[in-house]
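User: I am new to this structure and would like to understand how its descriptive terms are earned. Could you take me through them with care?

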Amino acid sequence: MNLVVGVDIGNSTTEACAARLGPAGVEFLGSGLVATTGVKGTSANVDGVEAAVRAALKTSGASLGALRQVFVNEATPVISGLAMETITETLITESTMIGHDPRTPGGAGLGVGDTVAFGELDGCSPGDEVIVVVPVGVDFAVVSKTLNAALERGVELRGAVLGNDDAVLVANRTDRRIPIVDEVRLVASVPLGMRAAVEVAAPGRTIRTLSNAYGLATVFGLDAEQTRAVSPVARALTGIRSAVVVRTPSGEISDRRIPAGSIELRGETATLRIDVGEGAEAIMSALERITPLLDASGEAGTNVGGMTASVKENMADVSGVDPAEVRIGDLLAVDTFVPRDVRGGLAGEVALENAVALAAMVRTSHGPMRQVAEAVAERLRAAGAEQVEVVIGGVEAEMATRGALTTPGTDRPLVVLDLGGGSTDAARADRSGSTATVHVAGAGDLVTRLIAAELGVPRDLAEQIKQAPLAKAESFFHLRLEDGTVQFSEDPLPPEVFARVVVLGTDALVPIPGRQGLERIRQVRRTAKHRVFVVNALRALKQIAPYGDLRQIGFVVLLGGSALDFEIPELVADALAPYGIVCGTGNVRGTEGPRNAVASGLVLAQAAG
């Protein structure tokens with residue numbers, strides 16, 4: 001009997017399956033899983049393949065010297081080049097806005113008056129309506145004493161803007177309840193002698209007037225054209241507890257359109273050019289009209305042009321092929337929002353701006369995989385497998401189908417959805433043995449990038465947010481989980497997670513920085529998964545379904561690392577339910593879950609001849 005190993009090189013992980021082939025059939029021995037080294041389908045994969053082979057042999061108790069054959073998949077290189085193309089940008093000049101949201105503003109309500117420096121408050125006359133601007137370094141006791149003195153003289157003190165974190169202390173010592181915003185880092189840049197409005201909402205609420213374009217129009221007496229110009233300010237202030245808006249006569253507030261660039265999609269019979277600014281729906285509609293996609297390119301000098309060019313150049317560099325041979329085989333466009341600093345703000349204000357994310361799947365010739373196979377053979381022979389032969393075994397999706405059929409309770413006809421890190425692959429296996437396959441761009445890596453971009457968190461934290469449920473540490477001894485249930489702890493929780501939203505990691509609670517609520521983070525996570533996996537599942541299945549009719553598909557088996565996710569299978573199953581499709585997560589060989597399907601399929605394909 002020959003000792004063989006099937007190896008599936010994926011975008012994120014490399015899986016291996018060890019088995020013995022003989023007259024009696026296939027005897028599966030063990031499996032291995034390691035992180036993929038380098039870009040899938042390139043010579044940099046060799047280290048990962050060797051590690052996966054060694055891991056599979058170790059679990060099977062076999063020696064490297066007895067290894068005779070290694071079967072590797074035809075790994076289509078996938079680079080999820082991501083162009084986060086901002087379509088609009090809130091631009092505010094002359095320092096006209098403080099869309100601030102300190103943790104503890106003081107007072108409550110809306111105050112309108114002229115900005116005046118703290119040192120000039122003594123010179124204000126009775127009846128003057130003022131907003132006092134207090135620089136950093138002034139003690140709260142001095143501030144409250146000076147404000148009370150001004151109120152006693154009859155000055156109409158309507159609000160205060162502080163550089164220090166003293167709003168509550170000042171509010172508790174001031175004779176009249178006024179809105180106070182603090183922690184303004186660039187308080188020295190607040191224009192003086194200008195009409196301003198300060199609004200602070202009650203705890204648990206958000207501002208209403210300054211986040212409403214018509215509220216701003218009422219406060220500052222704006223006409224229709226001025227209201228249109230000021231609407232970006234209102235949008236940027238939505239959902240916060242406190243804000244200051246200063247109207248400067250020479251200031252310009254505009255929502256200007258940034259040239260987003262266009263992308264050219266070339267099919268077999270037509271070529272379409274779509275402006276990225278039209279959004280993801282327009283791009284995907286155009287892609288559907290020209291499928292199959294032969295290549296795509298972006299307009300030179302734009303973000304999308306740089307992304308498409310970079311993807312092709314990177315693929316050419318790592319694979320050693322001529323850039324002219326590299327083609328973009330599929331695209332996935334996703335509408336999203338990204339936080340952007342508001343130009344002209346004084347306290348680090350950000351606004352969520354419309355953006356389009358583009359994931360691209362690169363297609364090259366089979367030359368790189370032959371190079372990978374030769375390099376793997378050389379490495380294994382040098383390590384002691386002197387008689388080993390490395391063979392390119394077959395197309396991923398077809399091999400995944402063979403592996404999926406080892407799931408108990410499955411039979412042909414069958415459709416497999418392989419949910420990986422860089423691409424979503426679908427394959428249909430009929431009773432006659434014929435198969436149809438399709439690869440579409442976008443999977444787990446794109447979801448991670450969308451979460452990171454929209455929440456403004458590091459990518460490693462976004463990966464953890466993607467993989468695990470959330471909770472809120474409401475005390476030192478209990479968590480409220482995202483499903484509303486409560487989990488108690490006998491030992492006190494770490495102090496750094498108190499009153500924070502946390503990820504329920506396998507080893508520890510991971511606090512999420514910032515002040516976004518649990519529901520907001522959960523919504524971003526689920527929306528990103530829906531926009532990538534559900535959309536890709538539907539478009540992949542439509543391409544392989546008989547006559548493009550999803551109702552002709554009876555059973556779908558989910559495979560791949562993303563099929564282990566705690567909510568992706570549910571989202572995909574819910575989307576397929578209206579078509580009468582039975583959808584579930586595979587269990588390869590009855591032991592491996594949704595993993596190892598391609599590696600097992602490679603071995604089964606060789607055994608079948």
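Analyst: The answers below set values against the definitions behind them.

This is a predicted model, in which local features need pLDDT of at least 70 and side-chain atom pairs count only at pLDDT 80 or more, while totals for chains, interfaces and linings use all residues. Residues are numbered from 1 along each chain as its sequence is written, and side-chain values use heavy atoms, with hydrogens and water left out.

User: What makes up the secondary structure of the chain?

Analyst: The chain has 14 helices and 30 strands, where helices (H or I, at least four residues) and strands (E, at least two) are DSSP runs numbered from the N terminus.

User: Why is R402 called partly exposed?

Analyst: Buried means under 20% relative accessible area and exposed means over 50%, with partly exposed in between (1.4 Å probe, protein chains only). R402 has a relative accessibility of 32%, and therefore counts as partly exposed. R402 lies in helix 9, and it touches G601, L604, A605 and A608, leaving aside residues up to four places away in sequence; contact here means heavy atoms within 4.5 Å.

User: How do you know that helix 9 is mostly covered?

Analyst: Helix 9 spans residues 396-404, and seven of its nine residues are buried. Those buried residues are E396, A397, M399, A400, T401, G403 and A404. For the chain, buried residues make up 52% of the 609 residues.

User: Why is F498 called partly exposed, and which surface patch does F498 help to make?

Analyst: The relative accessible area of F498 is 37%, so this residue is partly exposed. F498 lies in the loop between strand 26 (486-488) and strand 27 (501-504). Together with F476 and F477, F498 makes a nonpolar surface patch of about 270 Å². Patches are made of residues with over 30% relative accessible area and no salt bridge (a side-chain nitrogen of Lys or Arg within 4 Å of a carboxyl oxygen of Asp or Glu); like charges are joined within 9 Å, and nonpolar side chains (Val, Leu, Ile, Met, Phe, Trp, Tyr) within 5 Å. Accessible areas come from the Shrake-Rupley method with a 1.4 Å probe, and for residues only the protein chains shown count as cover.

User: Which residues of helix 4 and helix 5 meet?

Analyst: A213, Y214, L216 and A217 in helix 4 meet T227, V230, S231, V233 and A234 in helix 5.
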